[in-house]
Amino acid sequence: MCVRLLACRWFRRLGESDPSSFRYLLHNRYDVNRVRRVNKQFTTSSRRCAMLSPSEVSTILRQQEFTVHLDKYEGGVVTSFDTTQLAANRPVEDRRSAATCLRSGGLLFGVFDGHAGTACSQAVSERLFDYIATSILPYDRLAEIQDAFLHRRTEIPLLKWHRNPDDYISVENAEGYKKSLGRFVNDSLAMNVEDDDLHAAIELAFERLDEDISSEARALIGGRTTVYQDATQVALSGSCACVAYINGSDVWVANVGDSRAIIGRKAEMTHSGWIPKALSHRHSGHNTVEIDRIRKAHPHNESAFLIKNNRLLSELAPLRAFGDVKYKWHANQLRALPNGRMLIPRHYYTPPYLVATPEIIHHRLTPQDKFLVIATDGLWDFMTKEKTVQLVGDHISGRETLEAFKVRPTSRFTLSDINSKLKDRKSGLASRPIDDNVATHLVRHALGDSEKGISHGKLSAFLSLPHYEVRDHRDDITIYVIFFDTEKKRSKSRG
Amino acid sequence: MTVKVMEKKQFNGQFLTCGTTWHAAGLVGRMRATAVETECSSISSELYSKLEEETGIATGYKQCGAISLAQTKDRLIYLRRAAVNARAYGIETHEISPDEIKERHPLIKTENLAGGLWIPGDATANPSDVTQSLIRGAINRGVKLHEKVEVTSIETINGHVYSVVTNQGKIQCEYFINCGGMWARDIGLRSDPVVKVPLHACEHYYLVTKPIRSDINVADLPTIRDLDSSIYIREWSGGLLAGGFEPLAKPAFYKGIPKPYEFQMLPEDWDHFQVLLDGMLGCVPMLEKAEVRQLFNGAESFTPDLKYIMGEAPNVKNYYVLAGMNSSGIAGSGGAGKLLADWIVNGEQPMNMWPVDIRRFCQHQNNKAYLRDRVKEVLGMHYQIRYPYQEYQYGRKLRCSPLYPRLQEYNAVFGEKLGFERANWFITEEYADDFLLQNNSEKGTFCKPNWYEIVKSEYKVCREAVGVLDMSSFSKFEIKSAGNEATKLLQHLCVNEMDMPVGNVVHTAMLNRHGCYETDCSVARFAHNHYFIISPSDQVTRNFAWITKHIPEDKQAAITVTDATSRYTALNVMGPKSRELLQQITSTSLNSTDFKPFTCKEISAGYASGIKALAMTHSGELGWMLYIPNEFALSLYDLLMDVGKDFGIRNVGYYALRYLRIEKFFAFMGQDFNSTHTPFEIGREFKVDFKASNFIGKTELSKKKNEGVKRRLAMFLLDDHDRDKDLWPWGGEAIYRNGQMTGLTTSIGCGFTLNKMICIGWVTNKHKQTGVRQLVTNDYVIDGHYEIEINTKRFTAKPRLYTPALA
């Protein structure tokens, strides 16, 4: 197993598509019934012979986890975040990014669920935050950035990244990305956008990046050698994106595709209850609003073909995405590609069928809002939002009890004070977690939950599936859990 | 004789307290679960109250009395039962009302109380001072102390203690006493052969408050035991000391006791303590405002049944043990020390020590994981209501019969004896729903139990058709010899002629030299030099030790004694149809002339061969005990159940057997009588064959035969007891003869044929004025007017001395 994981990472470093992932060229999602069937099969047959020991399971689950603690000045309301990733594809097609915007002090978190290879999700995960950071800059600050470009500085002072040391960054493409970003900075200076409209700024960043991906590929096909070499691959593969921008008590979630962002809110009345508040809608074949949007954008006679089997043109599961130019370009442009004819979907009359325009939801944090979960659909295949926030909430109180309760000899606590504090700890004690990292905790529950709590047999079975089968049973999972301290007045807005 | 005390720690003014004594709470409670432990406490109280006079060192002994609180009706019943026992052992108790409780201890919340028990003789002491005073007394009388001694091993020669090897050299000794406290088990492992001292440490808590501001002088208050909240409270330096016995304890040191561990505490776990804190605040509301001086978490060792471990090791002569005080060391040690000293000096037990005797365990109970799990539950038992027939929840399935999974399929409800799982009764289909609904929430009751109808039907099956009971837990020994050595040995041990015809079985006894019971057993002779002995499950260690101990030095090689308990699966097939049924599966003739009652044969049945079949059932019913080599047990059982269908066969449990037995007045060793009783006292004079050769205890017994007995086991039929409405007797009820308390009941049965509740119990004859015990004749027993008191209500009872004829 270890060897396989190492191989996985090696492929990612290479930044190339693993040949076997072409099996899943058509973003191979599966339905709930299938999950149930698999679960049942796992709980009965596989529990009997666990292929992995409990420590091996934990090693695999924790391989990609990390936690970042932020102080008051860097994080604002955000005290810390936990993240993890579990691969199903070889190599993993999910990407993740977290960064602080240097100018605004706001924090950006994003999960990027790639399909048809890793090129697009990789590119978006590296580039999108730069676009957003640029787009939300006050007009007068843009010049400084332009200056950095003009002086060919290696570091553009837009972001401070919070990366896992393992995260891959494509050195080869960096120069190409930077050129496009430079043009965006110039164009922004030329445009007269109202400073305060964050909504528009974020939307602009998304759309501009998708346009750039398209045009870079077209330029490369057109023979412009100055463009980076992977441009075609980036444009032909695709990626969902779910990005949260947190500044002060304000949270904006911009979503493209079927990842989700959920706020966990502590219920006021009940003692241990948690209420989910969704900050995104899934752009999938189950979302009627989305289907209507697409139908309206195309002639009536196409409606029968637009969404079939819950997929766009019977092929693509997410109904919005970066890249995926085969649903965006004109047929002629597609034919110009090598083997281009093969790419054109059936009933392809009035492109574009796909957009990267995000759906943006703004939310102002209340004192009851304790955390935000952003995760790719690999998690949501197994978890409801209700269960997710409950698990995270229990983990918070469980984690608090990991430290022993002490009464200092000097303290003037009465026995009744002590007793009520101890009672408060009771629910936490009941849910003392195995994993420190709450994101890993979620993955463990997603894959391992059974009627009798976490089933090691099920976990072991899920994690030891042969590579040619694993994608039938689970998808890549990427999770951020971002914790807020909304009580201690950390929420001072800066910028 | 020189007595040397070896202690690991250097004595820095504080002698011998470094393990757990230094943090003991110092309660000297008088009311204990058994006679021997109560006696220990009584001796301790007496000793501590006078010790200062002798040694000049104060013990802090203060007879402040104690109140046990009852929050529920069941608790009150439980306390009354305990009080009856206590009275029999000479402890004064008074039931008091909530108002009287308030008067004696104004800090207690009494609104939620049903009543309480006032025990004026209870006391508190200062544990360290008691220890210093004791050791001063010992030194004054010539005991030598050795400090900083660590015992490496105990050497034995021919199964006899020879010397103690320590880090300071070797000490030869005649006797060795392992008083290692929570280290006792480890010390036991340091000898060859290993001495098994089954105990395990637990975290044990109490809290001391800062001085309490109050108009009441807390120093004068009695000790409080709020049993339903699992806590006790006593005064401590102007504040209160409150500790408890939580329902589920935390075992400590499973992976070994750290070195060094002297005057140390465990890290406090407030979360674990919270359940007790809740109880404390509920019991004494003013504690809410109190502040903590310290929360103590000390390690204390506990035994699998919450009773001390005392006595001579079964496998090493003159190796004695005194350990496992289960956190009542201060209350018990003074008396336990005296009783053990008497035991060593006289070479025999000073009273019925069986409840605390180290030989009550089987070797398997020394398993550390088992002990760790069991003590979780044992600690809390101090304060929990112990309902009749209550079984342990933790440390189960230590030993299982090969048929265990089958019995489980038949919905057996298991009990446990010496770690062996045994079916008590079987949930039948018609009752399945009732029991499924109640699930595990079944708490126990002092009234008619929920299994009543089921056990009744199991009883009926044995009386009218055929029942089968897995009795594999019973002790089984095989004795073989080259020539007649085995016969000679048994003739020396047993009260009947052992040179009986091959194929005979006799229900006999082995006595000690006082003519009192050492063993109540059945002996079957399978060949002239091959005997098979069966005795009650919990006698296995003791019997094996007794038998092997009496093999003469020069016959060691000739005689083989094997503990065959784990080798055979025992099926008791009983009932009028047992003969016809068994005849279907064996070619050995079972008719009444070929296979008479109390004979035995080795037979084949089904695919099983080498079955030791004994025509006896321990229940007085027709039938056979089949001792089947383990590997054949499953197939034979299945065959029996299959063929038995047409004979109305059913699985029955131990409760049914008990009721069958009690109705026929078959007394049971360990329950109805013990090793201080003679066969005459329990009505078995006819079972002793004085013509037989010179067995141990014969002389003493003949003497007693002429003298007559001063107590007598009798059977009582309750006249006006309503099984549905009245509380049931469960053993330990007071028996009144002509209005005078004459003894306690020992076991109880529902006589389904006699249609009466049956009690077995003791009759004594104390002179009204002098209190001197007088002879108890048969006429004396029969002539009296008897009443048995169940929770303050008295029921008229008819006495019987012998097995009644059943219709």
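These are my notebook entries on a predicted model, covering one buried arginine, one sheet, some salt bridges and a few totals.

**Ground rules**

I number residues from 1 along each chain as its sequence is written, and I letter chains from A and number ligands from 1 in the order in which they are written. The model is predicted, so local features need pLDDT of at least 70, side-chain atom pairs count only at pLDDT 80 or more, and totals for chains, interfaces and linings use all residues, while side-chain values use heavy atoms, with hydrogens and water left out.

**Entry: chain A totals**

I began with chain A, which comes to 19 helices and 18 strands (DSSP runs numbered from the N terminus: helices are H or I with at least four residues, strands E with at least two). Of its 495 residues, 57% count as buried (buried is under 20% relative accessible area, exposed over 50%, partly exposed in between, with a 1.4 Å probe and protein chains only). I also looked at contacts (heavy atoms within 4.5 Å). Among those in chain A between residues at least 6 apart in sequence, 76% join residues at least 24 apart.

**Entry: Arg234(B)**

Next I went to Arg234(B), in strand S14 (residues 231-236) of chain B. What is the nearest side chain of opposite charge to Arg234(B)? I found Glu235(B), 4.9 Å away, and Arg234(B) is buried with no salt bridge. For the charges, Lys and Arg count as positive and Asp and Glu as negative; His and the chain ends are not counted. A salt bridge here is a side-chain nitrogen of Lys or Arg within 4 Å of a carboxyl oxygen of Asp or Glu.

I then checked backbone oxygens. The side chain of Arg234(B) reaches that of Ala25(B) at 2.5 Å and that of Ala125(B) at 3.4 Å. Leaving out residues up to four places away in sequence, Arg234(B) touches Gly26(B), Leu27(B), Thr124(B), Thr223(B) and Gly239(B), among others.

**Entry: a five-stranded sheet in chain B**

I traced an open sheet of five strands in the order S23-S24-S25-S22-S26 of chain B, with antiparallel pairing (two strands pair if DSSP finds at least two bridges between them). Its edge strands are S23 (505-511) and S26 (559-563) of chain B, each pairing on one side only. The twist averages 25 degrees from one strand to the next (axes are lines fitted to C-alpha atoms, for helices over the stretch in contact, and angles run from 0 to 180 degrees between N-to-C directions).

I went through the strand pairs:

- S23(B) and S24(B) pair antiparallel over seven bridges, and Val505(B) stands opposite Ala524(B) in S24(B). The two strands form a hairpin with five residues between them, and Gly515(B) in the turn has a positive phi of about 80 degrees.
- S24(B) and S25(B) pair antiparallel over five bridges, with Ser522(B) opposite Ile534(B) in S25(B). Their hairpin has two residues between the strands.
- S22 (residues 475-481) of chain B is joined to S26(B) by five bridges, again antiparallel. Phe477(B) has Asp563(B) in S26(B) as its bridge partner.

How many of the 11 residues of S24(B) are buried? I get 10, so I noted S24(B) as mostly covered. Helix H12 (residues 485-493) of chain B lies across S22, S23, S24 (517-527), S25 (530-535) and S26 of chain B, and runs at about 130 degrees to S22(B).

**Entry: salt bridges**

I searched the whole structure and got 61 salt bridges over all chains.

I looked up Lys210(B) and Glu291(B), whose side chains meet at 3.4 Å, N to O. Lys210(B) lies in the loop between S12 (200-209) and S13 (223-226) of chain B and Glu291(B) in the loop between H6 (270-283) and S16 (292-302) of chain B, so the pair ties together parts 81 residues apart in sequence. Lys210(B) is partly exposed at 23% relative accessibility, whereas Glu291(B) is buried at 14%.

Back at the sheet, Asp499(B) and Arg525(B) form a salt bridge at 2.9 Å, N to O. Asp499(B) lies in the loop between H12 and S23 of chain B and Arg525(B) in strand S24 of chain B, so this pair ties together parts 26 residues apart in sequence. Buried or partly exposed: which is Arg525(B)? Arg525(B) is buried, with a relative accessible area of 5%, while Asp499(B) is partly exposed at 46%.

Lys555(B) and Asp554(B) also meet in a salt bridge, at 3.3 Å, N to O. Here Lys555(B) is partly exposed at 29% and Asp554(B) is exposed at 60%.

My last lookup was a network: salt bridges that share partners join Asp357(B), Arg359(B), Glu518(B) and Arg542(B).

Conventions. Polar contact = N/O pair within 3.5 Å; in protein donor to acceptor, adjacent residues only side chain to side chain.
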